[in-house]
Each structure stands twice: as C-alpha cells, then as structure tokens.
Amino acid sequence: MNALQTARSSAAALQRGAWRLIQSATTAQKLALAFALFLAPLAYVASKLIADHQRVTALLAQERAGAAYLRTVNEAQALLHVQARALQIGNTGADSISPALRALRSAERRHGEHLETAPYAERAVFALQVMLTNERARATAAGAASAALADLAHQIGDQSNLMRDPERASHLAANIVLERAPLLAQEARQLASDAGDAFADRRLDAGERANLLQRMAVLDSAGATLNRAIDSMIESAEDARVAAALGPPALAAISNLASYRTYLDRAMTEGRLNLPELLGREAGAQFALAELSARMTTELDRLLEARATQLGRQQAAALLMAGLLFLGVLGAVVAMLRIGLVQPIDSLALSIRAIADGNYDSEIPALHRGDEIGDMARALAVLRDAAKAKIAADAARAAAESANRAKSQFVANMSHELRTPLNAIIGYAEILTEDSEDRGDDAAIADLQRINMAARHLLAVINDILDLSKIEAGRMDVLAAPCDAGVIAAESAATTEPLAAKNANKLTLDIEPAAESYIDAQKLRQCLLNLLSNACKFTKKGEVTLRLRRSDVNGTPALVFTVSDTGIGMSEEEMSRLFMPFEQANSNVSRDYGGTGLGLMITRRMTQMMGGDVSVESAPGKGSIFTLWIPQFYKGFGADSDAHACARAGAADAPLALIVDDEATARDLAVRALTQLGFAVQGARTAEAGLALARETKPALIILDINLPDRDGWGVIEELADHADTSAIPIIVLSIEEDRRRSISLGAAEHLVKPATRDMLCAAALRLARTQPASAENMPVRLSA
C-alpha cells in the first residue's frame with residue numbers, strides 16, 4: 001500500500017512539474033512542440049509506407065511480367081520439341097515454329113523492355129526462323145533455338161527477381177521451370193540420341209552399353225532432383241491447391257519417364273531397338289515435362305498474385321496503424337491546445353465581454369502567467385483602465401465627423417446657392433453694360449463694371465473654397481492627357497495680360513520648346529494662373545517673368561516653371577505661412593490686396609497630386625520667385641513613342657481582344673488570362689488610343705476601364721456605339737465604378753466590378769466575343785460565384 005501511494009505521489013509531482021513547464025513556455029513553443037509531436041511520427045510512417053509501397057509494387061510488377069514471359073518461353077520450347085520430333089520421324093509438313101515465333105515476339109513487346117531480354121529474344125527468334133526456312137540447317141538450328149530459349153528463360157528469371165529468395169515457393173517454382181525440368185528434358189533428349197547412335201549398327205558393344213548406363217543414371221538423378229524440388233515447393237507454398245494442381249502433371253511426368261527408362265532397359269537386354277517407339281516414348285516424357293512446366297508457371301503466377309494480395313493486406317494494416325497513431329497524436333495536440341490556449345483564451349474572452357458591457361470591475365484571469373496569454377491579460381487590464389477615456393474620445397470623434405460632414409454639405413449647398421445668383425448677376429451686368437455703351441452712359445458703365453468685377457471676385461473665392469473641399473475629401477482626380485506645356489504656359493500668360501497691364505507691369509515669357517507631355521492641362525493652367533495672378537497683383541510698375549525649362553528631378557524628366565516678379569517680396573516668417581489655408585503673408589496683405597489665402601495652398605496641393613511641388617524664394621522689397629515643377633510624363637505615361645498603345649500578344653490569326661486601361665497591372669492580368677484562352681490581346685493606356693485601335697483593328701471584344709487619364713469610359717462607350725465600324729463590338733466594362741445600369745444603358749454588353757476574378761473575366765470573354773477563339777472549346781473554365 002505504501003509503495004502504491006509513493007508511486008501515485010511521484011506521478012502527481014511529475015504531472016505538476018510538466019504542467020508548470022507547459023505554462024512557462026511561450027505559445028510559439030507550445031505550438032512547435034505540439035506540431036513536432038504531430039508531424040514527426042506521421043512523416044516517418046508516411047515515408048516508410050510510401051517507400052515500401054513503391055518497392056513492393058515495382059518488384060511485383062517485375063515478377064508478374066517475368067512469370068508471364070516465362071510461360072510463353074516454355075510453350076515455345078515445347079513447340080520446338082514437337083517440331084524436332086516431327087522432323088526426326090520424317091514429318092516435314094508439320095509447322096509448330098510459326099506459333100512459337102508469334103507468341104515469343106508478342107511477349108517480348110509486352111515485357112522485354114523492363115527485363116532487358118532483347119538480345120536473348122533476338123537469338124531465339126533468329127534460330128527459330130532458320131529452322132523454319134532452311135531445311136539443311138534445321139537440326140543445327142533446333143539445337144541453337146533450344147539453347148537460346150534456355151538462355152532467355154534464365155535471363156527472365158534473373159531480371160524479374162523470381163530467383164531472389166530461396167525460401168519462397170515462387171523461387172522454388174521458378175527453379176523447377178528454369179533449371180530442373182529443362183535439365184531433365186535435355187538428359188532425356190541426349191539419352192534418346194545416344195541410344196539411336198548406339199543401336200545404329202544393330203549391335204551394342206561394351207563401350208556403348210557403359211555410356212548408355214551412365215546416361216540413364218544421370219537421367220535417374222535428374223528425375224529424383226525434380227521430385228524433391230516439387231515436394232519442397234509444395235511444402236513451402238502451404239496451400240493445398242498447389243499440391244492438387246501439381247500432383248497430376250508431376251505423376252504424369254514421372255510415369256512417362258519411367259516408361260521411357262523401362263523401354264531402354266528392355267532394349268539393352270534384348271540387344272535391339274525400335275527407334276520410332278523410342279522417340280515416341282521420349283516425346284511422351286517431353287510432353288509430360290512441358291505440361292508440368294506449364295502448370296508450374298500457372299501456379300507461379302497464382303502464388304505471385306496471392307503474395308500481392310497478402311502485401312496489400314499488410315499495407316492496409318500499416319495504414320490502419322498509422323491512422324490510429326495519427327488520431328492519438330492529434331488527440332494529444334488538441335488536449336495541449338485546449339489546456340494551454342483554449343481555456344485561458346475563453347476566460348479572457350469572458351472578461352472582454354464583461355468590459356465591453358461596461359463592467360470594468362470584472363476579474364481578469366491569467367495575469368500571473370509568463371507567456372503570451374499573460375501578456376494579453378495584462379494588456380486587457382490596461383485596456384480596461386483606458387476604456388472610459390476611449391469611449392469619450394470615440395464620442396468626440398463622432399461629433400467631429402458629424403460636424404465635418406455638415407460642413408461639407410454646407411459648402412456644397414452654399415456653393416450651388418451662391419453660384420446661381422452670381423452667374424445671373426454677371427450675366428445681367430454684362431447685358432446692362434452693353435446697353436449703357438449703346439446709350440453712351442459712361443457713369444453707368446463704370447458702376448456696372450465694378451458690379452461685374454465684384455461678382456467675378458466672389459465667384460473666384462467660391463471656386464477656391466469648393467476646390468479646397470474637393471481636395472480635402474479626396475474627390476479631385478488627375479486627368480492626364482497628351483498636350484504641349486509651352487502652349488499652356490503661353491495661354492496662361494495671355495489670360496493674365498490684362499491684370500499685368502492694370503498695374504503697369506511688363507509680362508515676359510521665356511519658354512523652352514518642349515516635346516509633347518502627358519499631364520493634366522487644366523490643373524497646370526489653374527496653377528500657373530494663380531502664380532501669375534499673385535505676381536501681377538503684388539507688383540506695380542515692375543516686371544513679371546514666366547520661364548519654362550525641361551530638366552531632370554530625382555532622375556525623372558520634369559517641366560520646371562518659374563514665375564518671378566519685382567514686387568513687394570516676403571520675409572522668412574511670411575513664407576512659412578504662405579501655403580497654409582486661409583493664411584496671408586501678413587494682415588496688411590488681405591486689407592490692401594484682397595484674397596482668401598487659398599490660391600497658393602490649392603496650387604501646391606494640385607501640383608503634388610500631379611507628382612510635383614511648388615517652392616518660393618523671396619526677400620522683402622526684392623520680389624519673389626515661385627518655382628513649380630511636375631513630371632513631364634504623369635506616372636510614366638507617354639515616356640516613349642508608343643506610350644499609349646501596347647504591343648500585341650498572342651497568335652496573329654487569333655481573334656483580337658482590346659484592353660483599354662491605364663493600370664499596367666490590370667492590363668497584364670487580362671493579357672495573361674485571355675491569351676491562354678486563345679485570344680490575341682492588345683492594350684491601350686488612354687481613351688483616345690483605345691478608340692483609334694478599335695477603329696483600326698475592329699477587335700472581337702473590348703475590355704474597358706471607366707476611369708481613364710484623358711477622359712471617362714462612359715464617353716468611350718457612346719462614341720464606339722455611334723461609330724458604324726465599332727457599334728457591333730461587344731464591350732465589357734471592368735472598373736471600380738459600380739454603375740452597371742449606366743454601362744448597359746449606354747451599350748456595354750457586360751459590367752464587371754474590380755477586383756473581378758480571372759474566371760469571371762474569361763467566362764464573359766468566351767460568352768460575348770464576336771469570334772470564338774480556336775482553342776476556347778478545349779479550355780476548361782471554372783465559373784466563380
């Protein structure tokens with residue numbers, strides 16, 4: 001009893017120590033240990049089973065092939081003996097060679113490659129052909145064919161592993177077929193040949209008698225050896241069916257050999273020999289041996305099949321054991337995960353729910369643990385302490401977001417409400433100015449011009465505020481397209497000319513000729529107008545200069561615009577507030593020159609959206625120099641001569657799919673998907689390039705993005721539908737825009753929202769293309785939900 005209590009105490013102490021060790025380990029260590037316990041035995045058993053299965057499968061295949069081939073060789077050997085005996089008794093019309101040749105060639109085609117029997121089979125076939133076609137060499141060819149077939153049988157036995165394991169019944173059966181039976185048949189043939197030669201002169205001398213007695217002793221020894229081999233094979237097989245199958249042919253072979261031997265004894269005693277009778281008895285013995293070999297090869301094949309079945313059962317048992325081991329290890333892993341992870345996490349989850357419900361006094365378990373679960377518990381404690389402050393912060397943020405939405409809605413509503421009457425004021429002021437000019441009322445003209453100027457100033461302020469709202473909301477996009485930056489600069493200067501003349505300023509242009517650029521012309525024009533307007537406004541009787549130079553900025557081709565003036569200039573402090581919203585250089589500027597303080601901020605934001613920036617250099621009383629630069633090719637578009645149209649991919653005679661999308665990744669994915677379906681694919685980066693390619697190539701299908709750099713896709717759909725050459729082309733819209741109804745109403749055949757799956761795109765292309773690609777019917781397409 002004390003010993004039992006001691007054992008239980010030791011087990012409990014060991015369990016507690018293991019539990020403390022598990023709790024002190026990190027979660028990663030626990031998972032690593034669990035998966036090591038899970039994967040190590042599984043990987044070992046799987047590798048052993050796979051290797052053993054492959055080895056046994058290959059071995060059984062070779063053995064079965066060898067047994068089948070060996071059966072054919074034995075049949076050919078028997079047919080050869082039939083032909084030889086027929087020739088010995090003068091029957092030249094018999095043909096047992098042709099069937100043997102056909103069977104041998106067929107077996108070589110089926111099994112010879114793996115058994116490496118080609119040279120042996122060729123020799124046997126050649127000897128049989130000579131025996132069939134050359135009457136003079138038949139006897140010699142018969143012997144050569146018999147020897148070649150014996151060599152072929154031995155090669156089959158060696159290469160098919162039939163002789164590999166001496167303890168197996170299949171080895172004993174193969175040994176009988178390859179060694180014992182052929183040896184006995186050879187001795188029987190040799191004895192018949194020697195007896196015929198000895199009795200040729202109708203007398204038997206002492207030397208010939210001694211030779212025949214020696215041959216008969218060898219025959220008796222070979223027969224006894226065959227009997228023992230058969231008995232050993234039957235005992236090794238441990239299957240009653242083997243004895244039942246081999247008993248009759250073995251008895252027949254022994255009986256025929258005994259009859260053959262008895263006749264020779266009587267012939268030697270009487271001193272005379274009947275050769276046809278001798279050959280008949282020898283042929284009977286040969287046929288019995290051939291039947292025994294045939295039955296033996298049949299049993300050999302059955303033994304191999306039974307062995308394959310037994311090995312299959314053994315592998316099934318091994319798999320069952322592996323499955324049980326897998327379940328045991330999996331159970332241990334689940335238990336470890338539940339004890340080490342699931343239960344603590346469940347406790348933490350309950351605490352989290354309690355805190356979420358506002359119960360900040362709830363107990364947090366696992367604070368004492370040293371692993372990641374303990375870290376989570378301590379973090380939860382910190383979270384509990386900060387929960388009230390977070391709730392307050394969330395409420396404040398929600399209030400701020402609500403106020404911001406109200407502000408945006410207010411700005412949008414006010415801009416609409418103010419623009420409508422302002423447009424009316426400006427329009428009627430211009431009409432009244434024209435009427436006053438017709439009447440010659442100069443005083444009214446001056447008043448109306450002041451009204452018009454004030455209304456336009458107020459409209460500009462509203463536009464600035466609306467632009468600022470769009471920028472802050474992220475709803476302002478860059479719409480780049482091919483254009484001439486020099487022309488934009490000249491147009492901006494021409495627009496600013498009246499303002500320069502008002503303050504008696506000289507406006508100078510210094511524009512370096514630039515090749516075609518890929519930029520947002522409208523935003524660039526607005527930025528230049530803001531800079532030139534400010535320069536003309538803060539300069540009186542001075543000079544304002546606009547320069548354009550091409551340069552490299554950070555390794556990128558860029559357009560650099562410089563607006564310099566000889567105006568009032570700014571200090572360092574004033575420049576630090578220059579690009580802030582609703583800020584002027586100083587309080588006197590707003591009073592003396594007007595303005596909202598938004599122009600330069602909007603200019604900088606727009607320039608940064610186009611990939612560039614704005615900087616300033618100035619000093620009080622010495623004027624200012626504003627430098628604006630943007631990439632010459634927005635996002636790399638248009639940087640080469642073939643910027644807007646991509647190279648065609650796919651076969652030249654395949655139906656063409658045109659992809660119009662400015663995103664290289666989207667084009668590349670579509671190209672890969674459609675070329676695998678059998679389409680040829682060509683891409684375009686801009687709407688204009690896509691329209692030109694559509695009219696030129698008349699593709700079988702167009703895949704169109706809505707947000708293109710030079711114009712939107714809605715207009716592209718309308719233009720394609722209105723043009724006679726392109727109205728029948730199916731259009732698939734593939735865009736982040738979700739307005740499917742608008743796409744279909746404008747004439748699109750399908751509308752897919754990015755990110756659409758590859759299968760959805762392929763299915764739509766195959767369904768809608770005007771000309772199905774040649775390989776499409778052979779391409780399996782999975783339709784995704």
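Lys 698 is partly exposed, with 40% of relative accessible area. In this predicted model, Lys 698 sits in the loop between H18 and E10. Its backbone stands out a little: Lys 698 has a positive phi of about 50 degrees, although it isn't a glycine. Most residues other than glycine have a negative phi. Ala 504 is another case, with a positive phi near 60 degrees. Ala 504 also belongs to a loop, the one between helix H12 (485–502) and strand E2 (506–511), and its relative accessible area of 44% makes it partly exposed.

Back to H18, which helps to enclose some empty space. Rolling a probe the size of a water molecule over the atoms shows where such space is left. The count here comes to three cavities of 30 Å³ or more, and the second largest holds about 50 Å³. H18 (687–697) is one of the elements that each give at least two residues to the lining of this second largest cavity, along with strand E8 (656–660), strand E10 (701–704) and helix H19 (713–722). H18 provides the largest share, four residues. Among the lining residues are Leu 658, Ala 687, Gly 690, Ile 702 and Val 716. Sorted by class, the lining has nine nonpolar residues, one polar residue and no charged ones.

Charged side chains turn up in the salt bridges, and there are 13 of these. Asp 510 and Arg 549 form one of them, at 2.6 Å from N to O. This pair ties together distant parts of the chain, with Asp 510 in strand E2 and Arg 549 in strand E4 (residues 543–553), 39 residues apart. Asp 510 is partly exposed at 29% relative accessibility, and Arg 549 is partly exposed at 32%.

Arg 672 and Asp 668 also meet in a salt bridge, at 3.3 Å from N to O. Both lie in helix H17 (residues 664–676), four residues apart, or about one turn of the helix. Glu 750 pairs up with Arg 740, their closest N and O atoms being 2.6 Å apart. That bridge joins strand E12 (residues 750–753) to helix H20 (residues 740–746), across ten residues. Glu 750 counts as buried because its relative accessible area is 11%, while Arg 740 is partly exposed at 40%. Elsewhere, Asp 220, Arg 261 and Asp 265 are linked in a network of salt bridges.

On the surface, Leu 320, Met 321, Leu 324, Phe 326 and Leu 327 make a nonpolar patch of about 510 Å². Met 321 belongs to helix H9 (residues 275–356) and counts as exposed, at 55% relative accessibility.

Methods:
Residues are numbered from 1 along each chain as its sequence is written. This is a predicted model: local features need pLDDT of at least 70, side-chain atom pairs count only at pLDDT 80 or more; totals for chains, interfaces and linings use all residues. Side-chain values use heavy atoms; hydrogens and water are left out. Patches are made of residues with over 30% relative accessible area and no salt bridge: like charges are joined within 9 Å, nonpolar side chains (Val, Leu, Ile, Met, Phe, Trp, Tyr) within 5 Å. Accessible areas come from the Shrake-Rupley method with a 1.4 Å probe; for residues, only the protein chains shown count as cover. A salt bridge is a side-chain nitrogen of Lys or Arg within 4 Å of a carboxyl oxygen of Asp or Glu. Buried means under 20% relative accessible area, exposed over 50%, partly exposed in between (1.4 Å probe, protein chains only). On a 1 Å grid over the protein atoms alone, a cavity is a set of points where a 1.4 Å probe fits but cannot get out, and a pocket is an open set with protein on both sides within 12 Å along at least five of seven lines; lining residues have an atom within 4 Å of a point. Grid points are joined across faces, edges and corners, and a volume is the space filled by probe spheres set on the points. Ala, Val, Leu, Ile, Met, Phe, Trp, Tyr, Cys and Pro count as nonpolar, Asp, Glu, Lys and Arg as charged, and the others, Gly among them, as polar.
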